[in-house]
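The following exercises are to be worked with the sequence and the coordinates at hand. Each task is followed by a solution in steps.

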Amino acid sequence: MLSQSLEALWGHLATAGRPVVAARVSGPSLEDVKSTFDEPIPDVVAQWFNWSNGVADTPGQTQDDASVIPGYWPLSIAEAKSIMSGYIDDDAVLGDHWVPLLGSGGGDFYAAVFDESLHEVGVFSVMSGGDIEISFRSVEEMVDGFLELYQTGVFFVDDDGTLEADDDRWVEYESRVGGAA
């Protein structure tokens, strides 16, 4: 269940002393989340934003402080809608039904993609000016995958307190998991 997966991931982040935990903004009710989007969204997307409606700005905060995974922070509903309204997908890989969940400072993001019946197609990694690839088969698989990447040392906090990743192992993991869809 997604709520348990989110609790486990954020619990790990708290244990690791990640500043994003204290800066997490709780989201509105599931019904209120759903009503803020211009079209119906899957329950899992509403659950995501109910758990975290972005990250509060704090004095001296760095991008790393706001990151849930290296380089990416949870988007607020307003940030997600802004990305959706400004994004042009020339290849139409994402289709017509998607919502960004995590964003980066460079314009990259992870988006939940779904069909008209609100059935999840997967979570896609969108690289600004680059590839769009499926990374996970569902939002829950993404959250569970991020926790696994922490537990296996692919994501780690270095000696300076910076959140880092073994990029080769991260790409290999997402290729294996996303490619299994």
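**Exercise 1. Backbone phi angles**

Task: State which phi Gly-17 takes just after H1, and determine in which loop Leu-118 is found.

Solution. Gly-17, just after H1, takes a positive phi of about 75°; helices (H or I, at least four residues) and strands (E, at least two) are DSSP runs, numbered from the N terminus. The model is predicted: local features need pLDDT of at least 70, side-chain atom pairs count only at pLDDT 80 or more, and totals for chains, interfaces and linings use all residues. Residues are numbered from 1 along each chain as its sequence is written, and side-chain values use heavy atoms, with hydrogens and water left out.

Most residues other than glycine have a negative phi. Leu-118, although not a glycine, has a positive phi of about 70°. Its place is the loop between E3 and strand E4 (120-126). With a relative accessible area of 30%, Leu-118 is partly exposed (buried means under 20% relative accessible area, exposed over 50%, partly exposed in between, with a 1.4 Å probe and protein chains only).

**Exercise 2. Helix H1**

Task: Compare the expected span of helix H1 (residues 2-15) with the distance between its end C-alpha atoms, then locate its buried residues.

Solution. Step one: the expected span is 1.5 Å times one less than the number of residues. For the 14 residues of H1 this gives 20 Å, and the end C-alpha atoms are 20 Å apart, which agrees.

Step two: the buried residues of H1 are Leu-2, Ser-5, Leu-6, Leu-9, Trp-10 and Leu-13. Viewed down the helix axis, they fall within an arc of 125°, so they line one face of H1; the arc is that of the directions from the helix axis to the C-beta atoms. An α-helix has 3.6 residues a turn, so residues three or four places apart point the same way.

Step three: on the other side of H1, Gln-4 and Thr-15 are exposed. The cover over the buried residues of H1 includes helix H2 (20-23), helix H4 (43-51), E1 and helix H7 (139-151), where contact means heavy atoms within 4.5 Å.

**Exercise 3. Aromatic rings**

Task: How many aromatic pairs does a search of the whole structure find, and how is the pair of Tyr-72 and Tyr-110 classified?

Solution. The search finds 12 aromatic pairs. Rings of Phe, Tyr and Trp (its six-membered ring) pair if their centres lie within 6.5 Å; planes under 30 degrees apart count as stacked, over 60 as edge-to-face and the rest as tilted. The ring centres of Tyr-72 and Tyr-110 are 5.0 Å apart and the planes stand at 65°, so this pair is edge-to-face. Tyr-72 lies in the loop between helix H5 (63-66) and strand E1 (73-74), and Tyr-110 in strand E3 (residues 109-114), so the pair ties together parts that are 38 residues apart in sequence. Tyr-72 is buried at a relative accessible area of 8%, and Tyr-110 is buried at 2%.

Phe-146 and Phe-155 form a tilted pair, 6.2 Å centre to centre with 45° between the planes; both are buried. These two belong to one aromatic cluster, whose members include Tyr-72, Tyr-110 and Trp-170.

**Exercise 4. The nonpolar core**

Task: Which residues touch the most other members of the largest nonpolar core?

Solution. Of its 47 residues, they are Phe-49, Ile-69, Tyr-110, Met-142 and Phe-146. A nonpolar core is a set of buried Ala, Val, Leu, Ile, Met, Phe, Trp, Tyr and Cys residues joined through side-chain atoms within 4.5 Å.
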